[in-house]
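Student: Could you take me through the charged pairs in this model, one at a time, and say where each partner sits and how much of it is open to the surface? I would also like a word on the cysteines and on the nonpolar surface.

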Amino acid sequence: MVGVGGRAGVSVEEVCALVEETLRGAGLAAEAVTALATLDSKAAEAGIAGAAKRFGVPVLGYPADRLAAVAVPHPSEAVRAETGTPSVAEAAALAAGGELLVPKRRSVSATCAVATSEAHDLRHHGDAEVADAGSDLVDLAVNVRAHTPPEWLRQRIAASLGDLAAYPDGRAARAAVAARHGLPVERVLLTSGAAEAFVLIARALGAVRPVVVHPQFTEPEAALRDAGHRVGRVVLRAADGFRLDPAAVPPDADLVVVGNPTNPTSVLHPAAVLAGLARPGRILVVDEAFMDAVPGEREALAGRTDLPGLVVLRSLTKTWGLAGLRIGYVLAEPEVIAKLAAAQPLWPVSTPALVAAEACVAPAALAEAEEAARRIAVDRAHLLAGLAEFDEVDIAGVAEGPFVLIRVADGAEVRTRLRALGFAVRRGDTFPGLDRSWLRLAVRDRATTGRLLQALDRALALTSR
């Protein structure tokens, strides 16, 4: 849904140009527009009505009192005084429900905003694809490394069970994480997985204008919304390979969240590009949950102390198969760490998780993780080569993580047919910026990939009938 506003006499050309520019910012084509929505007194304006005719969609006009009741992120008292609503474009885009995809943009005489027709399910995660399926499905929906945790780690965790009567003491694990990144312990906070860190950031850091770069892991935005924040979005485009243009981030954003490598796109952003987003007065949150799956952890910002407001999140659940144990950590300035720690409950990380954290950052474990990352890179190349054989499959961006994002016509049906053939893959339409044509595939060994490619061939053939 595209909301538009315009001064009297605005031209068709100006409205169309602004709408097309705004759609590009959302990674959308003009064909995605279902209607132009505006104030009912402007619905007959020649420029707006003419633009709708060019796009081949209707004009929806709303009374001022209905639009005035819609909460908008960028209200204007001047617009309210003139029209009776604080933002014609944003309120009209949101009047039918859904959520704002691109906030209000302006030209000389027009305004425009884009909203999804329905809200994304930000709480949907890959584990839902295999819930209640038993062992019947090959799990390509969850990005936890297969055949983990390794036996040596299982033994370390099992040995810690004798200490469960005592309250957890995180000092040794915190010191080990600090040493792993060459940081003082005051810059480290241990958390119950990276997901807890997103909740702490949303509740404790007092952001006024948070912005999340999408498509990416949806939990940061969900946590911010749960904490009462109005969340802005920067939506990266498939046509650009999901690469980040720093200029797209609003200058007044005081909290910016970006993944690297990003889930689900698997794109690895250059460290220099992300570092360029840091500035005094802004918290820059970089989710590096999958960075240890990148050989050499190139482009990592963990360990940097020269960037103001930098907050790096790490997870130990993906590489080491500890999703059920919940362990991660935050690296940030001591003042930020203190605020986050004050928002944590007492003893937030269990004794077995602390033991696992200390074990997984030891030199031998880091060497094992590096070897695993190199194997993943080889297995990913094999998967990409196989996918390239399908004319029906598109891949946007350069995959660098332990998963690959693909686009295929009738993606929802292909996903359903793959499931019937024994493979669970992650749907893409719950990620802002993606739709049902996108699917995420976890990288697995060559034998599993071979079976997947055969199943995909069959699924595509059945879908095209």
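Tutor: Y167 counts as exposed, because its relative accessibility is 61%, and in this predicted model Y167 is found in the loop between α6 (151-159) and α7 (171-181). Together with L346 and W347, Y167 makes a nonpolar surface patch of about 420 Å².

Turning to the charged pairs, the count comes to 17 salt bridges, and I will take three of them in order. Side chains of opposite charge can pair when their charged atoms come close.

In one of these pairs, the side chains of R54 and E13 meet at 2.9 Å, N to O. This pair links distant parts of the chain, since R54 belongs to helix α2 (residues 46-55) and E13 to helix α1 (residues 12-25), 41 residues apart. R54 counts as exposed at 54% relative accessibility, whereas E13, with a relative accessible area of 47%, is partly exposed.

Another salt bridge joins the side chains of E288 and R314, at 3.0 Å from N to O. E288 lies in the loop between β11 (283-287) and β12 (310-315) while R314 is in strand β12, so the pair ties together parts that are 26 residues apart in sequence. Both partners are covered: E288 is buried, with a relative accessible area of 1%, and R314 counts as buried at 4% relative accessibility.

A further pair is found within one helix, where R374 forms a salt bridge with E370 and the closest N and O atoms are 2.8 Å apart. Both residues lie in helix α14 (residues 363-387), 4 residues apart, which is about one turn of the helix. R374 is partly exposed, with a relative accessible area of 46%, and E370 also counts as partly exposed, at 22% relative accessibility. Beyond single pairs, salt bridges that share partners join R180, E288, E297 and R314 into one network, and this network includes the buried E288 and the buried R314.

As for the cysteines, a disulfide is a covalent bond between the sulfur atoms of two cysteines, and the structure holds 0 disulfides. For C112 the reason is distance, because its sulfur is 10 Å from the closest cysteine sulfur, in C16, which is too far for a bond. C112 counts as buried, at 0% relative accessibility, and C360 counts as buried as well, at 2% relative accessibility.

Technical notes: Residues numbered from 1 in each chain as written. Predicted model: local features only at pLDDT ≥ 70, side-chain atom pairs only at ≥ 80, totals over all residues. Heavy atoms only, no water. Patch = residues over 30% accessible without salt bridge, like charges linked within 9 Å, V, L, I, M, F, W, Y side chains within 5 Å. Areas by Shrake-Rupley, 256 points an atom, 1.4 Å probe, with all protein chains shown as cover. Salt bridge = Lys/Arg side-chain N within 4 Å of Asp/Glu carboxyl O. Helix = DSSP H or I, 4+ residues; strand = E, 2+ residues; numbered from the N terminus. Buried < 20%, exposed > 50% of the residue type's maximum accessible area, 1.4 Å probe, protein only. Disulfide = S-S within 2.5 Å.
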